[in-house]
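Trainee: I'm new to this one, could you walk me through it?
Mentor: Gladly, let us look at it together.

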Amino acid sequence: MANLSLKHIYKVYPNGTKAVNDFNMEIADKEFIVFVGPSGCGKSTTLRMIAGLEDISAGELKIGDVIVNDMEPKDRDIAMVFQNYALYPHMTVYENLAFSLRLRKLPKDEIHNLVVQAAETLGITEYLSKKPKEMSGGQRQRVALGRAIVREPKVMLLDEPLSNLDAKLRTQMRAEISKLHSRLNTTFIYVTHDQVEAMTMGTRIVVMKDGFVKQIDTPKNLYKYPANKFVAGFIGTPQMNFFEGTLRKDGNDVHIKFANSDAEITVPCSKLDKVRPDYLNGETTVYMGIRAENISIDRVEVGRSKAVVKVRVSHIEELGSETLLYGDLNTDGDGISDSLTKVIIKDVGNGDYKAGDIIEAALDTDRIHLFDRQTEDCILPRIPEYNYLDCTVSGGTLNFSGESIALPPAIKCADGEYELLIPVDAFKVGKDISVNVENCEDICGIKLLSAKLNGKMLYAVVPGDVTEKSLKLDVDLKKITLLKDGKKVVEPMPAVNCLDGIFVKKKTKKQAEENGKFKTLKATEFSLETEGRQFVVSDTLAQKLIAALGVKKAFTSPLKIECGAHSLTFGEDGISARAEGMLDYGKEKFLKCNVGGKYVYLLADRDYEGEVRIVPDLDKVGIVETERNIRII
Ligand code: ADP
């Protein structure tokens, strides 16, 4: 039983292949985690790093509270089950199960009890005296599982354990492994390329592609709220329908026009209020996605709906309980070619149609997914980045949605109308604006408050559950953006300052007391050097840097040191910087400093002139190795 923590984990193979990039995850005790993705996406490499069979290039891996990066596999208290079973062919099932226990020199009676118990759990008692070759694939895989569970490991790792089995046996073993997980109460991490396996077994799923994590969530949430087009297309059968099109805002409606067909539907603006307004200009092409079961050809539904499209039926697949209807939004299209107008509809009724018919279908507008055409990221995310509001500025006051806030001296802006962007993390309980709480949702551990501000929906990330019906919130004005005709007139203060640096070591001497006498001993001191100054780092940070950069390159790799305005302080031994004015945000003031041509900002209680010296708080910095683009902290 153990929790695992993976922080900024990377794997770069000696030939330069970056198999895993910045893998971050906290796995709770007893979870059933599935890593899924197409072949070569890095799932086995991640599993093998957890097992200790592969070195971790950078990052920190903890099992329980212990950092295990350098711990031998045998000491990690994990058990691994492989696709090819990896049984000893010359040993009986009993001997295979007992083998690791004998190595651990457990008493004979105890070994016997553990083996018998495991065999009973897996239903292989009658095979205990047989050799693996006398058994079927399914039975062999059960023995492999048994060999893992007798060790009572803290974590069970399973690498495509069912791939060698036929479809029917796979389904049966899937259920058995899930049962085994609930019975054993152990953390399971399971690798598969099969999305059905992932969806049916995982409590949470990690979807990977090309060495990157694309999304981590529960099966239901991955299906309902895919974060990008890849996850949307990878999870679910039949695959989600994708179309290209444009979105045009017109009053309280948004018109969605499908490319290469006459299809056009209308949805209320309120459904798309998390979408960045420039996507709603009627020109930007986006990907639209909708699942086969969210399109209805039921006459009543079609009659009620404002989102009806014409579909030319191309062929029909009768599946018994449902019918899959293949068609094309382009009524001249064939629904077969790989076009962006073909569509699959899941019909659970007794639709009266045949190939060649042109029928009407209603799209469920609550289930439309939208993705950016370049990044393929969802543009209608569960947690939006910003609130998009219309505002005016007059006489130093910001007016939006019936509220007024005095602008601080740091924000200089001519009177006029603007678009206002307030990030969802820019609110805290205070007194600036009054909102009526609609809902407080837990989204992957983040609490998202939805509240009405004089009729306009506002989203805010809050630290905990909100039970009040109404709230007063403060807006952190250093985070807002004001736009005029799409151009930024007021920009937020940068959230992070970046400094270039390098890791250095120095020979020093230290005094130590031995038998009442003081001796001078040689010692090594590790520092981060930036802008010509060196700052001594803690042993923990030094170890992380050496582990990530490798001994050979530790002291030559260029680094980017990132620190927020609150992690820089004034100090005599600090970096030399030139003060270039104050940013006064009212409650907080920041000094803008020029460091070797770059600007950094730090919290300051008064104005400064000329040279100042600033010190980064190394306990709060982020560090990126720029050559391989590896985040170390
Ligand atoms: P998956 O398990 O998702 O199929 P892997 O983790 O096995 O993927 O591999 C991820 C990537 O790393 C692939 O591009 C693969 O070719 C590469 N890779 C795996 N092992 C090695 C190795 N020993 N040396 C170099 N590249 C490797």
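Mentor: We will take the domains, then the ligand, then two backbone details. This is a predicted model, in which local features need pLDDT of at least 70 and side-chain atom pairs count only at pLDDT 80 or more, while totals for chains, interfaces and linings use all residues. Residues are numbered from 1 along each chain as its sequence is written, and side-chain values use heavy atoms, with hydrogens and water left out.

Trainee: OK, which domains is the protein divided into?
Mentor: Following an automatic or database domain assignment, the protein has domain 1 (4-232), domain 2 (238-372), domain 3 (386-490) and domain 4 (497-631).

Trainee: How many residues of domain 1 are in contact with domain 2?
Mentor: Seven residues of domain 1 touch eight of domain 2, where contact means heavy atoms within 4.5 Å. The two domains bury about 710 Å² between them, with 60% of that on carbon and sulfur atoms; buried area is the accessible area (1.4 Å probe) that two parts lose on being put together, summed over both. On the domain 1 side, Tyr223, Lys229 and Ala232 supply 75% of the area buried against domain 2, more than any other three residues.

Trainee: And how many salt bridges across that interface?
Mentor: The rule finds zero between domain 1 and domain 2, taking a salt bridge as a side-chain nitrogen of Lys or Arg within 4 Å of a carboxyl oxygen of Asp or Glu.

Trainee: Switching topic, which residues are around the ligand?
Mentor: Counting residues with a heavy atom within 4 Å of the molecule, they are Tyr13, Asn15, Thr17, Ala19, Pro38, Ser39, Gly40, Cys41, Gly42, Lys43, Ser44 and Thr45.

Trainee: What does Gly42 put beside the ligand?
Mentor: A polar backbone atom of Gly42 is 3.0 Å from an oxygen atom of the ligand. Ser44 instead has a polar side-chain atom 2.7 Å from a ligand oxygen, and for a polar side-chain atom of Thr45 the distance to a ligand oxygen is 2.5 Å.

Trainee: Last bit, the backbone: where is the cis peptide bond?
Mentor: The cis bond joins Thr237 and Pro238, with omega about -10°. Pro238 lies in the loop between α8 and β11 (241-250), helices (H or I, at least four residues) and strands (E, at least two) being DSSP runs numbered from the N terminus.

Trainee: What about phi of Asp77?
Mentor: Phi of Asp77 is near 60°, a positive value in a residue other than glycine, and Asp77 is found in the loop between β5 (66-67) and β6 (78-81).

Terms used:
Polar contact = N/O pair within 3.5 Å; in protein donor to acceptor, adjacent residues only side chain to side chain.
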